[in-house]
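Thanks for coming. I will go through one structure today, in three parts, and then stop.

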Amino acid sequence: MDKFTVARALDEISRYLELSDSNPFKARAFERAARAIEKLEDDVVALVDAGNITKVPGVGKATGDIIAEIVRTGSSSYLEELRGQYPSGIFGMLRVPKLGLKKVGILFTELGISSLDELEAAAKSGRLSKVKGFGPKSAETILKGIEWARKRESNFLLPVGIEVGEMLREKLASIDAVEDAEVSGSVRRRLEVIRNVNLVVATKNIDVVTDALRTVVDRFEIVDETTVKGVARNDVEVIFHLTAPNEFGSTLLRTTGTPAFVDAFGKIPKARTEKDVFKKTEIAYVEPERRETADDLAKKKRTKLVELSDLRGTFHVHTTFSDGRHSVLEMLSAAHDRGYEYVGLSDHSKAAYYAGGLSESRLEEQQAEIATQEKKVRPMRVFRGTEADILPDGSIDYGLPTLKKFDFVVASIHSQFQMGRDEMTERILRALDDPHVTFLGHLTGRRLLSREGYSVDYDRIFDRAAERGVIIEINGNPQRLDVDWRYLPRAVERGVVLSIHPDAHSISEYNALITGTWVARKAGLAAKQIFNTRGVEEVEEFLAKRRASS
DNA sequence: GCCGTTTTCGGCCCGACTGTTTTCAGTCG
């Protein structure tokens, strides 16, 4: 039993409580307890055994009993009871924007609605507008929201595609007649949002393999002699391209690139490997990430793309001091274990209340903790930073004496998203003018498949960043992948330096450095254009110089 | 439900926005 399982159960209780009309603070109390458990440094089971669980701030008698029950039996009878009161899948309605737990709860109690279909019917029939708090405008917004939610149902973030692809490759490996299998399509191109997972399967016996695929996916369907479709878990569409082993490379090439790339490539000769296809056609190899367009095919020289192993350190890492799930030491140790020469911790600034932003006094505590823990991860260098809010007027959260305490500042927007393009651009430009700002964090604030970013004038921002020497972050969080790779070449043209950051809120989120690197590769970037491919001395010198001039 | 105390009851993290109100509740960050 680990603390995250306990926290998840408490979160679920909290969500059910918010659905019902009881005291909203009760729901909050469970949520607070969940966060407290998540951030525990001690083992939750040990705490329960020692009778010390209620000593955790935010955990009282009632919650303590629930936690103890979960630890002992693996489940909570209170949670089971709550689950029994609502249809499963009721939280699916949360996918509709502007619908939160309160409204979902009201809709269920008043109209018995618990699914998108029922919601749609109620909105169309006018039944919805009869409920207190829902006017005609609500029905309209909800119908639009349902359409929006449905459209996104068939799209997935890249990591989902990677996982499904890996799982299918493993399954295929256990089929005797399969000689080779490889993921192609948008997943292989590392596109940030994918619609399906393509796999090329090499076999001498297409009929046998086709038949075997019936058990590998749901909704099995034969499209044509060499193409089979189906659906994997998570409802991801899967397309198998069956091919003879001596054409494996050709099919891989044909099904990896976009039509624009494949068309421009011209005639694809038969070959066992993809490398052989390139060799036979005397075309220099194009990395899969670069096969969105035909641009590279036309180029004489290929850029050597940055690789994950080129990264020698990172910035933009959160800890339990703000909204991270692991402690300073845990985050430092994880970076150390990954072999990084340096890591920059940056918890939220005080304006970000909702994310547990650090007041000046909490900041002092955090820096003291860093001073204690950094000794344990030597010789890795630990930089002290902050992810400071860019306030609506473009000024940076924290006053002058505080800003001087940092080795680096990631400046990001976390409020007033709906600002118009011009106003938003001015806001960011003003932030770039602040000499304390080292990095510009997640440029557009987008959340893939859930929220559009704010609109900005990229060119003006890139110009100013270049002029002021501010590094622009490539936020590698798979939900963000912000800046979009399509705009990065324009930054590079202007001499803007970029840096790949994980925006990690837990140890596992250091993996965002992988997705972040893919973004840089898709943009055609080389290691030298990425700040955190530099060694620790060079980085230290850069930060020191910048501090001195601010 | 939790917490803290001017200690067993009243408050609980903030602010903008929107649609629904006629003074506010819910959502979102």
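**Helix packing, sheet and DNA surface**

Let me start with two helices: α12, residues 248-256, packs against α14, residues 274-281, at an angle of about 90°, and their axes are 7 Å apart. At that angle α12 counts as roughly perpendicular to α14, because the range for that term is 65 to 115 degrees. On the α12 side the contact is made by G249, S250, L252, L253 and T256. On the α14 side E274, V277 and F278 take part. Sorted by class, this contact has four nonpolar, three polar and one charged residues. Before going on, I should say that this is a predicted model.

Next, the sheet. In what order do the seven strands run? The order is β8-β9-β10-β11-β12-β13-β14, the sheet is open, and the pairing is parallel. The edges are β8, at 313-317, and β14, at 498-501, and each of these pairs on one side only. As a general reminder, strands of a sheet pair through backbone hydrogen bonds, either parallel or antiparallel.

To take one pair from the sheet, β9 covers residues 342-348 and β10 covers residues 381-389, and seven parallel bridges join them. Within that pair, Y342 stands opposite R381 of β10.

There is also a helix on this sheet. Helix α22, residues 512-522, lies across β8, β13 and β14, where β13 is 471-475. The direction of α22 is at about 150° to β14.

The last part is the DNA. How many residues surround DNA strand B? The number is 34, and the closest are N23, G58, G100, S138 and F417. Which part of the DNA faces the protein? Of the strand B atoms within 4 Å of the protein, 79% belong to sugar or phosphate, and the rest belong to bases.

Three polar contacts to phosphate oxygens of strand B can be listed.

- T63 uses a polar side-chain atom, at 2.7 Å.
- G135 uses a backbone N or O atom, at 2.8 Å.
- K137 also uses a backbone N or O atom, at 3.4 Å.

As for secondary structure, the elements giving two or more residues to the surface near strand B are α2 (24-38), α4 (61-73), α6 (101-111) and α8 (136-153). Helix α2 gives the most, with six residues. By class, the surface near strand B has 14 nonpolar, 11 polar and nine charged residues.

That is the end of the talk.

Note on methods. Residues are numbered from 1 along each chain as its sequence is written. Chains are lettered from A and ligands numbered from 1 in the order in which they are written. This is a predicted model: local features need pLDDT of at least 70, side-chain atom pairs count only at pLDDT 80 or more; totals for chains, interfaces and linings use all residues. Side-chain values use heavy atoms; hydrogens and water are left out. Two strands pair if DSSP finds at least two bridges between them. Helices (H or I, at least four residues) and strands (E, at least two) are DSSP runs, numbered from the N terminus. Contact means heavy atoms within 4.5 Å. Axes are lines fitted to C-alpha atoms, for helices over the stretch in contact, and angles run from 0 to 180 degrees between N-to-C directions. A residue is near a molecule or strand if one of its heavy atoms lies within 4 Å of it. A polar contact is a pair of N or O atoms within 3.5 Å; within protein, one must be able to donate a hydrogen and the other to accept it, and residues adjacent in sequence count only if both atoms are side-chain atoms. Ala, Val, Leu, Ile, Met, Phe, Trp, Tyr, Cys and Pro count as nonpolar, Asp, Glu, Lys and Arg as charged, and the others, Gly among them, as polar. Angles under 35 degrees count as roughly parallel, over 145 as roughly antiparallel, 65 to 115 as roughly perpendicular and the rest as oblique.
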